[in-house]
Amino acid sequence: MSHPDHETHSNTSDNPHFEDILARGLASPSRRMILRGGVGMAGLAMLPGCASLATAPAPVQALGFPSLDKSLLDDVVLPPGYRYSVVHATGDALSAQLPAYSNTGAETDDWSNRIGDHHDGMDIYFVDDRGRYTDKDTARAVLVVNHESSADAHFMHSAGQTSNGVSGKKFSQFGDWDLGARPELEVLKEINHHGVSVVELERGPNGWRMKADSPLNRRVTAQTPARIAGPRAHLKDVQSQMVTRWDTAGTRSRGTLNNCGHGKTPWGTYLACEENWAFYFQMTSGGTAVPALEAVTRRRYGLPVAAPAASQTRGNGQGWHTVSATDDRFARWNLTAVGASADRDFRNEANTFGYNVEIDPLNPTSAPVKRVSMGRMAHEGATCSVPKAGQPLAFYMGCDARNEYIYKFVSTAVWDPKDIGGGIEAGDKYLNEGKMYAARFDSNGQGQWIELDIKDPKIANYAGFKFSNQAEIYVHTRLAADAVGATKMDRPEWTAVNPKNGEIYVTLTNNSAANRTPGRVDPANPRAYMDVDGKRGAGNPNGHIIRFRESGDLATATGFRWDIFLFGAEEDAGDANLSGLTARNSFSSPDGLWFSPTTGICWIQTDDGAMTDETHCMMLAALPGQVGDGSKVTVKNKMVVNGAEQTGTQETFIGATLGEARLRRFLIGPKGSEITGVTEADGGRALFVNIQHPGEESKSVKAMDSQWPGNKGYGRPGRPRSATIVITRTDGGVIGA
């Protein structure tokens, strides 16, 4: 998931923030649904990656641990009776042929056989005694982990990143590169530590551990060949937009990049979601000018339309293209049209990123597949609806940037449980043909899914971009959502499905004063206020979680009912603390989100910059009710804009207050880290969690803010490393119960 200051701000459409809807009045939703104690269904009744409505034993009725106090320790803090161990960390070797990671940056290999960096979304895939995928717990499994970013890539180089003759200086891919040439080995390390790690795990007497040299261990990097797949009727038109010098037919692409949230399919494959991929591309001087229509879509996705100005000393990206103009491994990151046609250069390379990428964890010979039918955006999560035999499947997705949209893809094929274990072939069946929708949240607590179809006059006649065919909607999805009037949201990130009732939850991480003022709020994004300690400024600095229920509980529904489950806030935030948070459960910037199939606990993970003066990022456990269990409320907003105080009110719908009994702080991470990615094994008795970018604010390799996990005995001490940990109870019980 993107960090608050890193995501694009490219939605310049005039889609409403509800000002034009409010005049219609707010209708209070029914309150006949009340908060209930049961919150989950057991994992054995659940199909992989999706919620189950089947009867299951012993859901959690109450949280069985004390809420943590805030922490600034450089360690993973857990409640009494819990412990953790590291499963793997950045740089760990996947092959015995490679030496153990030095944690000094001295490695001379290109990183394609080491665990990647910036651990993010992940999931677990159990293996039966015949070596096949099973949705039942076993003692053998494959863990698949996304690797998001290279914002702290200096930790993997001996003296830090080098460009323009300067080394050891902190810089990142997000607008902080000094335009100098980059050394080849450094760039190869950075390219290859992106992507996905697939590793086999074994459960032994001492718990779960990575199995060295398993034939299932592999990396999918930013260079791994992938197939381009989409609807049969439009595939040729899709591929024509992906023609490059590397593949002049546009049928294949290379690699996956900036993978954040993820999805797990009912048939047992992994969806790696490509999020902030746009920042890696550059342009250089020379070449032909970007055509006007192409410039529109590039700007909408945060891509360059010209080379940096001669006076500019810094730019976006990692400078990967500077290594060589002729070696395609590096030249591909330059979007300049230097050839006579698109098959002579890489002007279309960016069109091959921004998709959900399907990977079969148990088939190391299968190529990843980019599922174009699910749209192109800053993908953050792809959570499946409740699978019902004989009915289509829906996948819910957020586009992670401020003022972007929530989407769903509905398959044409209907679910057949016989496809469990069907691998990429099953993915071709369910994920190539279907319909894409964008969400509109109405002021009466209802909402609409608007299909993104070229036959819609709002798209066909859209003044902002001339769509020629349906294929362009798949590749320029954001513009199609602009055209139909989808609702701008406060950074939609992870999606999750409640295993009790099939309701869909989406984290809205935060928004800035540029987008959220008292005059620019709406019922689904109702707050505009000042961060009380000034650390994050104004707007919606602490974020919230929205949820909705499909009409008739159908994946194919075009209507839904919504409310806001939780508002993040500091406990002393006054009117902004709408969920009644206290010092024991206050949180900010919700990001990762997942429901345990065993307990039904909703795990909430944060990627925060507003409360980090008081506590590091965290993971909380929540026991949710259901849409409509709360009430209509009036939000009082106040903030200072350009030196002048602005005030206003906004009506919205809020879920029942959870209180300290039903919302507790379970984990706090090391200094500078983000908590992201969670899955479980052993019937909820082992919980896997990712710790991303500890020490993120370190200025250089000689001035580090964190030394975790080396300071706690894992690997060589010194530089911080992202890692996957596994949490267990000392008494062997179910996590959270």
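Begin by selecting Leu452 in this predicted model, and display its neighbours: leaving aside residues up to four places away in sequence, Leu452 touches Tyr407, Met436, Tyr437, Ala438, Ile459, Gln470, Ile473, Thr477, Ala480, Ala481 and Val484.

Widen the selection next to the largest nonpolar core, which has 35 residues and in which Leu452 is among those with the most contacts, together with Trp267, Phe395, Tyr407, Leu431, Ile459 and Phe467. Several elements give two or more residues to this core, including strand E17 (392-399), strand E19 (406-414), helix H6 (423-431) and strand E20 (434-441), while H9 gives the most, with 5 residues. Apart from this core lies another, of 27 residues, which you can find by selecting, among others, Ala89, Leu623, Val689 and Ala723.

Now show helix H9 (residues 477-484) with helix H4 (residues 292-300), whose axes are 9 Å apart and meet at an angle of about 90°; the two helices are therefore roughly perpendicular to each other. To see the contact itself, select Val296, Thr297 and Arg300 of H4 along with Arg478, Leu479 and Asp482 of H9, a set that divides into 2 nonpolar, 1 polar and 3 charged residues.

Finally, turn to an open sheet of 6 strands with mixed pairing, which can be followed in the order E11-E10-E15-E14-E13-E12. Strand E11 (252-254) and strand E12 (259-264) stand at the edges with a single partner strand each, so one side of each has no neighbour in the sheet. On average, neighbouring strands of this sheet are turned by 35° against each other, direction ignored. Within the sheet, E13 and strand E14 (residues 356-359) pair in the antiparallel sense over 4 bridges, and selecting Cys273 shows Asn356 of E14 standing opposite.

Notes: Residues numbered from 1 in each chain as written. Predicted model: local features only at pLDDT ≥ 70, side-chain atom pairs only at ≥ 80, totals over all residues. Heavy atoms only, no water. Axes fitted to C-alpha atoms, helices over the stretch in contact; angles between N-to-C directions. Parallel < 35°, antiparallel > 145°, perpendicular 65-115°, else oblique. Contact = heavy atoms within 4.5 Å. Nonpolar A, V, L, I, M, F, W, Y, C, P; charged D, E, K, R; others polar. Core = buried A, V, L, I, M, F, W, Y, C linked by side-chain atoms within 4.5 Å. Buried < 20%, exposed > 50% of the residue type's maximum accessible area, 1.4 Å probe, protein only. Pairing = 2+ DSSP bridges.
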